[in-house]
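Visitor: I should like to take a close look at a single part of this protein. Please guide me through it step by step.

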Amino acid sequence: MKKTIKRIALAIDSFFEHFALIAIVAMVVIVTIQVITRKLFSFVFFWSEEVTLLLMVWFSFMGIAIGFREKLHLAMDSFTNLLPKKVNWVIDKLILITVFGFGLYLVKNGWDFTVLMNESTLAATKLPNSVMYLVMPITGVMICVYTLLQLIGIETIRHENIDEEVPKT
């Protein structure tokens, strides 16, 4: 059962991770074209800055969710390493519950803000302003799912050994 849940969650997750990668590549391409056309032809596509901003916001929020999946959030273990394993287990569960609460915050307030901003439009693309904020509840749902999976013991880390270790001197 846990393997099936993990497989489904990671399949959905792959979509979001690929979207984030495509977003950053598109940002680089658009900004490069914008710089070249501005310097060589004194011309800028009217939509390039707005689309780049949208992609940056979406990439950043997707990165937040992926960071929680990979357990890359800020952790200070110099103190907790001195505590017994059972205490660390409780602390880890409290941290996961707190992270879940943050995910719920993003879902609720992100959705409210998305609905609120639906009435206005972006200047260049004429897309609803809500497009920029829709990523907040999506990220919140992703964080909640990752946290629930971690709480029930399903490992969500996909990329091993990406932690930065301080070299020993």
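Where is the place of T37? Please start from there and describe the surroundings.

Guide: The model shown here is a predicted one. T37 has its place in helix 1, which runs over residues 2-41. We may begin with this residue and then follow the chain outward from it.

T37 has a relative accessible area of 10%, and because buried means under 20%, T37 counts as buried. Leaving aside residues up to four places away in sequence, T37 touches S42, F43, V44 and F45. Two of these partners, S42 and F45, deserve a description of their own.

S42 follows helix 1 and lies in the loop between helix 1 and helix 2. Its relative accessibility is 69%, and S42 therefore counts as exposed, the term used over 50%. The phi angle of S42 is also worth noting: it is positive, near 50°, in a residue other than glycine. As background, most residues other than glycine have a negative phi.

F45 has its place in the loop between helix 1 and helix 2. With a relative accessible area of 32%, F45 is partly exposed, because this value falls between the 20% limit for buried and the 50% limit for exposed. F45 also belongs to a nonpolar surface patch of about 1000 Å². The patch is made by V25, V29, I33, I36, L40, F41, F43, F45, F46 and W47. F43, which T37 touches, is thus listed among the patch residues as well.

We can now turn to helix 1 as a whole. Its 40 residues should span 58 Å at 1.5 Å a residue, and the end C-alpha atoms are 57 Å apart, so the expected and computed values agree. T37 is one of the buried residues of helix 1, and others include A9, L10, D13, S14, F16 and E17. Further along the helix, A20, A23, M27, I30 and Q34 are also buried. What do the buried residues of helix 1 pack against? They pack against helix 2 and helix 6, the latter formed by residues 135-151.

Part of helix 1 also appears in a database record. For "transmembrane region", an unreviewed UniProt entry lists residues 20-37, 43-68, 89-107 and 127-149. In the model, residues 20-37 are 100% helix and 0% strand, and the end C-alpha atoms of this span lie 26 Å apart. T37 is the end residue of that listed span. Residues 89-107 are likewise 100% helix and 0% strand, with end C-alpha atoms 27 Å apart.

Helix 2 comes after the loop and covers residues 48-69. It has 22 residues and reaches 31 Å from its first C-alpha to its last, close to the 32 Å expected at 1.5 Å a residue. V57 lies in helix 2. With a relative accessible area of 17%, V57 is buried, because the value is under 20%. Not counting residues up to four places away in sequence, V57 touches M132 and V135. V57 and M136 are 79 residues apart in sequence, yet their C-alpha atoms are 9.5 Å apart in space. Helix 2 is followed by K71, whose phi is positive, near 60°.

The second span examined above, residues 89-107, ends at V107, which has its place in helix 4, residues 85-116. V107 has a relative accessibility of 25% and counts as partly exposed. Leaving aside residues up to four places away in sequence, V107 touches P137, G140 and V141. The C-alpha atoms of V107 and F19 are separated by 20 Å, and the two residues are 88 apart along the chain.

One more loop may be compared with the loop that holds S42. K126 lies in the loop between helix 4 and helix 5. Its phi is positive, near 65°, again in a residue other than glycine. K126 is exposed, with a relative accessible area of 58%. N129 is found in the loop between helix 4 and helix 5 too, but N129 is buried, with a relative accessible area of 14%. Apart from its neighbours within four places in sequence, N129 is in contact with M117, S120, T121 and L122.

To return to the starting point, T37 is a buried residue in helix 1, and T37 touches S42, F43, V44 and F45.

Terms used. Residues numbered from 1 in each chain as written. Predicted model: local features only at pLDDT ≥ 70, side-chain atom pairs only at ≥ 80, totals over all residues. Heavy atoms only, no water. Patch = residues over 30% accessible without salt bridge, like charges linked within 9 Å, V, L, I, M, F, W, Y side chains within 5 Å. Areas by Shrake-Rupley, 256 points an atom, 1.4 Å probe, with all protein chains shown as cover. Salt bridge = Lys/Arg side-chain N within 4 Å of Asp/Glu carboxyl O. Helix = DSSP H or I, 4+ residues; strand = E, 2+ residues; numbered from the N terminus. Buried < 20%, exposed > 50% of the residue type's maximum accessible area, 1.4 Å probe, protein only. UniProt positions renumbered as here; feature names shortened; annotations may be inferred. Expected span 1.5 Å × (residues − 1). Contact = heavy atoms within 4.5 Å.
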